[in-house]
Amino acid sequence: TVDDVTFLVTVGGVDVPGTRSVSGGTISFSPTVALAPLTEYRVQLTADVMGVAPRGAIAPLDYVFTTSA
């Protein structure tokens with residue numbers, strides 16, 4: 001299952017609203033609001049996401065990225 005509990009996107013510890021979808025072995029997140037420029041976001045996938053991808057997902061996963069200007 002991919003939902004707001006198994007696939008989290010946060011900024012400063014606050015959830016970023018958006019929709020999650022699965023197509024084949026790809027999990028996507030589309031925010032419902034624009035991401036702020038030059039801001040650090042955190043993406044977390046829990047172990048419950050494993051098995052969604054045909055070859056198995058690497059989970060749990062914790063990743064941080066910064067948006068551009």
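In this predicted model, strand β1 (residues 7–11) and β2 run antiparallel and are joined by two bridges. Val11 sits across from Val14 of β2. Zooming out, β1 and β2 belong to an open sheet of four strands, lined up in the order β2-β1-β5-β6 with antiparallel pairing. The edges of that sheet are taken by β2 (14–15) and β6 (61–66), each of which pairs on one side only.

Elsewhere, β3 (residues 18–23) teams up with β4, again in the antiparallel sense, through six bridges. Within that pairing, Val22 has Ile27 of β4 as its bridge partner. The two strands make a hairpin with two residues between them, and Gly24 in this hairpin adopts a positive phi near 60°.

Next comes the packing. The largest nonpolar core has eight residues: Val2, Phe7, Val9, Val16, Tyr41, Val43, Leu45 and Val49. Both β1 and β5 chip in at least two residues each, with β5 giving the largest share, namely three. As a rule of thumb, nonpolar side chains in soluble globular proteins tend to be buried together.

One member of this core, Tyr41, keeps plenty of company. Setting aside residues up to four places away in sequence, Tyr41 touches Thr10, Val11 and Val16, then Leu35 and Ala36, and finally Tyr63, Val64, Phe65 and Thr67.

That leaves Thr39, found in the loop that links β4 (26–31) to β5 (40–45). Is this loop residue buried or exposed? Thr39 has a relative accessibility of 18%, and because the cut-off for buried is under 20%, Thr39 counts as buried. Its side chain also finds backbone oxygens to reach: that of Pro37 at 2.9 Å and that of Ala36 at 3.4 Å. Ala36 turns up among the contacts of Tyr41 as well.

Which residues does Thr39 contact once its neighbours within four places in sequence are left aside? They are Val11, Phe65, Thr66 and Thr67. Of these, Val11 is the residue that stands opposite Val14 in β2, while Val11, Phe65 and Thr67 are also among the residues touched by Tyr41. Put together, the picture around Thr39 is of a buried loop residue whose side chain reaches the backbone oxygens of Ala36 and Pro37, and which is in contact with residues including Val11 and Phe65.

Key:
Residues are numbered from 1 along each chain as its sequence is written. This is a predicted model: local features need pLDDT of at least 70, side-chain atom pairs count only at pLDDT 80 or more; totals for chains, interfaces and linings use all residues. Side-chain values use heavy atoms; hydrogens and water are left out. Buried means under 20% relative accessible area, exposed over 50%, partly exposed in between (1.4 Å probe, protein chains only). A polar contact is a pair of N or O atoms within 3.5 Å; within protein, one must be able to donate a hydrogen and the other to accept it, and residues adjacent in sequence count only if both atoms are side-chain atoms. Contact means heavy atoms within 4.5 Å. Two strands pair if DSSP finds at least two bridges between them. A nonpolar core is a set of buried Ala, Val, Leu, Ile, Met, Phe, Trp, Tyr and Cys residues joined through side-chain atoms within 4.5 Å.
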